[in-house]
Amino acid sequence: MAHFEVKSRRTIIDQKTGNDKSITEIFFIQDCVSWADAEEKMLTYYNNENEIVAMAISKVVEVVNTPLDSEKSDMYVFRAIMSAIFTDEVGRAVESKYPILVWAKDVEDAMVIVNEYIKQGYDDLTLTAITKTKIVEVI
């Protein structure tokens with residue numbers, strides 16, 4: 001199964017002017033068996049009232065936490081890159097990256113969540129970066 005990052009465009013009513021406004025959002029679609037499956041999940045999310053602008057297979061391997069919908073309003077999706085360094089068969093040091101997504105209120109909160117995640121048996125991983133993404137929802 002693959003994960004996808006999908007850019008979707010839809011029309012909303014601008015609260016200030018009352019006019020139609022086109023917005024573009026990025027979604028993370030989990031556990032898809034094909035490109036068509038990812039497309040179907042995205043279109044179903046907005047009842048076919050959106051247009052898919054771009055799709056790409058994501059390098060993210062896991063979403064660490066999923067808050068309740070009621071908690072998401074003051075949270076953001078952060079991408080954390082963890083890495084492990086190991087020695088290959090010819091003795092060279094090789095870095096392997098393990099990107100994950102984390103729902104958090106801010107960078108400090110994301111760091112706490114990732115460090116707790118690492119303690120669950122991923123001691124060979126080191127947190128190398130955390131960045132706030134433009135992803136608005138994980139589906």
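**Aromatic pairs and the surroundings of glutamate 137**

In this predicted model, the count of aromatic pairs, taken over rings whose centres lie within 6.5 Å, comes to six. One of these pairs is formed by phenylalanine 4 and tryptophan 35, whose rings are arranged edge-to-face, with 4.9 Å from centre to centre and 70 degrees between the planes. Because phenylalanine 4 belongs to strand β1 (residues 2-13) and tryptophan 35 to helix α1 (residues 35-45), the pair ties together parts that are 31 residues apart in sequence. Phenylalanine 4 counts as buried, at 2% relative accessibility, whereas tryptophan 35, at 44% relative accessibility, counts as partly exposed.

Aromatic residues also take part in other arrangements. Phe27, Tyr45 and Tyr46 together form one aromatic cluster. The ring of tyrosine 76, in turn, has the charged end of lysine 132 sitting over it, at 3.8 Å from the ring centre.

A further set of contacts surrounds glutamate 137, a residue of strand β8 (residues 135-138). With a relative accessible area of 12%, glutamate 137 falls under the 20% limit and is therefore buried. Its side chain makes a polar contact with the side chain of lysine 72 at 2.7 Å, and another with the side chain of tyrosine 45 at 3.4 Å; tyrosine 45 is also one of the members of the aromatic cluster described above. When neighbours within four places in sequence are left aside, the residues in contact with glutamate 137 are Ile26, Phe27, Phe28, Tyr45, Lys72 and Trp103.

Conventions. Residues numbered from 1 in each chain as written. Predicted model: local features only at pLDDT ≥ 70, side-chain atom pairs only at ≥ 80, totals over all residues. Heavy atoms only, no water. Phe/Tyr/Trp six-rings, centres within 6.5 Å; stacked < 30°, edge-to-face > 60°. Helix = DSSP H or I, 4+ residues; strand = E, 2+ residues; numbered from the N terminus. Buried < 20%, exposed > 50% of the residue type's maximum accessible area, 1.4 Å probe, protein only. Lys NZ or Arg CZ within 6 Å of the ring centre and 35° of its normal. Polar contact = N/O pair within 3.5 Å; in protein donor to acceptor, adjacent residues only side chain to side chain. Contact = heavy atoms within 4.5 Å.
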